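Here is a short briefing on selected side chains and backbone features. Keep the sequence and the 3D view open while you read.

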Amino acid sequence: MEIGKLKTDMLEKYIFDKLVSNREEVIMGGGTGLDNAVMDFGGDLIVASTDPITGASKNLGALAINISVNDVSCQCADPVGVLMTLLIPPSADLDDLKEIVDDATRTARELNVDIVGGHTEVTDAVNKIVISTTVIGRVDKNRRPDLKKVKAGDVLAVSKYLGIEGTSIIAHEKKEVKEILSKEEYEFAKSLSKEISVLKESKIAGKYGVKHMHDITEGGLFGAVWETSKALGHGIRIFNDSIPLLDVTKKICDFYKINPMKLISSGSMLMVFDRENFDDFKEEAEASGIKVTKIGEINNEKQAVVKYKDREISLQDPDPDELYKVV
């Protein structure tokens, strides 16, 4: 099998089609374009998500906390607790473990979420440290996004810039990046690891009736848009000229001949709004220091497409992330 997330047809055949809910508390389970599960125990809804870190070897603690918190943020949930599993190869040492745990606890403190447990094990089943985190959050049922309200004409937007996580990982992992960027650009690219959280924009979006959110992870923007179209049951048209990219991301992607639109992009949230709510959300988000860009619209054409100046292409089930061509 190819490295990276399973193709959607395999996920549906071998996993999603096998998952049958028998509990009335479960109101949403896993699915394509859906980042978490939602359960109702009475009162606030419980939102849960789990994710591993496999494509990076630096900043593992911060990445592990952020990516799972980002997933529950897609439901406007407040993250409460994190369970963290660490699988450590025999070649690692205690300094490696200390660095990861210090990094994770610092990030959890910044996001106001507690690390409440997990599992730590040394095993020769892995050749580098693998971390998997499960985050549990809570959200008022009246505040949770409702994808059933999505309609043609709604705005599709992204926060910050595309490729933030991929840019940071490559800058940390590949020494030759120093040769293609200036010293200032190189330090900036590495610092993007501090921009991975989308919790802040999620909380603002919840105030303006956001209908759906999807954290842009493996497969990058093109993968996230395709998955969102499938989850919503609507078509999406995005405009290539509107997509926000940093110069350092462009330079790194040009050097490695990879597509930034297919590069892992935690730190950027894909969001759907009514037209009348979008401008107010954008104004508050940008007043809080978060760039927001409209990149497309929802339609009834039942497919996801990218509009270029001279052509239009249909998006497909995402291939393995471009990151794996580099690290």
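Is F273 buried or exposed? At 0% relative accessibility, F273 is buried, because the cut-off for that class is under 20%. Note that this is a predicted model. The points below cover aromatic rings, a nonpolar patch, an aspartate with its contacts, and two lysines with positive phi.

**Aromatic rings**

- Searching the whole structure gives three aromatic pairs.
- One of them joins F255 and Y256, in an edge-to-face arrangement. The ring centres are 4.9 Å apart, and the planes meet at 90°.
- The two partners fall into separate accessibility classes: F255 is partly exposed at 42%, whereas Y256 is buried at 19%. The value for Y256 is under 20%, so Y256 counts as buried.
- F273 and F281 make a stacked pair, with centres 4.5 Å apart and planes at 25°. That angle is under 30 degrees, which is why the pair counts as stacked.
- F281 is buried, at 0% relative accessible area. F273 is buried at 0% as well.
- F278 belongs here too: ring pairs link F273, F278 and F281 into a cluster.

**A charge over a ring**

- R311 is placed over the face of Y308. The distance to the ring centre is 4.2 Å.

**Nonpolar surface patch**

- L83, V116 and I136 make a nonpolar patch on the surface. Its area is about 250 Å².
- I136 sits in strand β6, which spans residues 130-139.
- The relative accessible area of I136 is 37%, so this residue is partly exposed. That value is also over the 30% that patch members need.

**D154 and its contacts**

- Where is D154? D154 lies in the loop between β6 and β7, the latter covering 155-159.
- D154 is buried, with 1% relative accessibility.
- The D154 side chain reaches the backbone nitrogen of K151 at 2.9 Å.
- The D154 side chain also makes a polar contact with the side chain of K211, again at 2.9 Å.

**R144 and K211**

- R144 is in the loop between β6 and β7, where D154 also lies.
- R144 is partly exposed, at 23% relative accessibility.
- R144 and K211 are 67 residues apart along the chain. Their C-alpha atoms are separated by 8.3 Å.
- K211 thus appears twice here: in a side-chain contact with D154, and in this C-alpha distance to R144.

**Lysines with positive phi**

- Which sign does phi of K257 have? Phi is positive, about 55°, although K257 is not a glycine.
- K257 lies in the loop between α9 (247-256) and β10 (269-273).
- K257 is exposed, at 72% relative accessibility. The cut-off is over 50%, so K257 falls in the exposed class.
- K302 has a positive phi too, near 65°, and K302 is a residue other than glycine.
- K302 lies in the loop between β11 (292-299) and β12 (304-307).
- K302 is exposed, with 62% relative accessible area.

Technical notes
Residues numbered from 1 in each chain as written. Predicted model: local features only at pLDDT ≥ 70, side-chain atom pairs only at ≥ 80, totals over all residues. Heavy atoms only, no water. Phe/Tyr/Trp six-rings, centres within 6.5 Å; stacked < 30°, edge-to-face > 60°. Buried < 20%, exposed > 50% of the residue type's maximum accessible area, 1.4 Å probe, protein only. Lys NZ or Arg CZ within 6 Å of the ring centre and 35° of its normal. Patch = residues over 30% accessible without salt bridge, like charges linked within 9 Å, V, L, I, M, F, W, Y side chains within 5 Å. Areas by Shrake-Rupley, 256 points an atom, 1.4 Å probe, with all protein chains shown as cover. Salt bridge = Lys/Arg side-chain N within 4 Å of Asp/Glu carboxyl O. Helix = DSSP H or I, 4+ residues; strand = E, 2+ residues; numbered from the N terminus. Polar contact = N/O pair within 3.5 Å; in protein donor to acceptor, adjacent residues only side chain to side chain.
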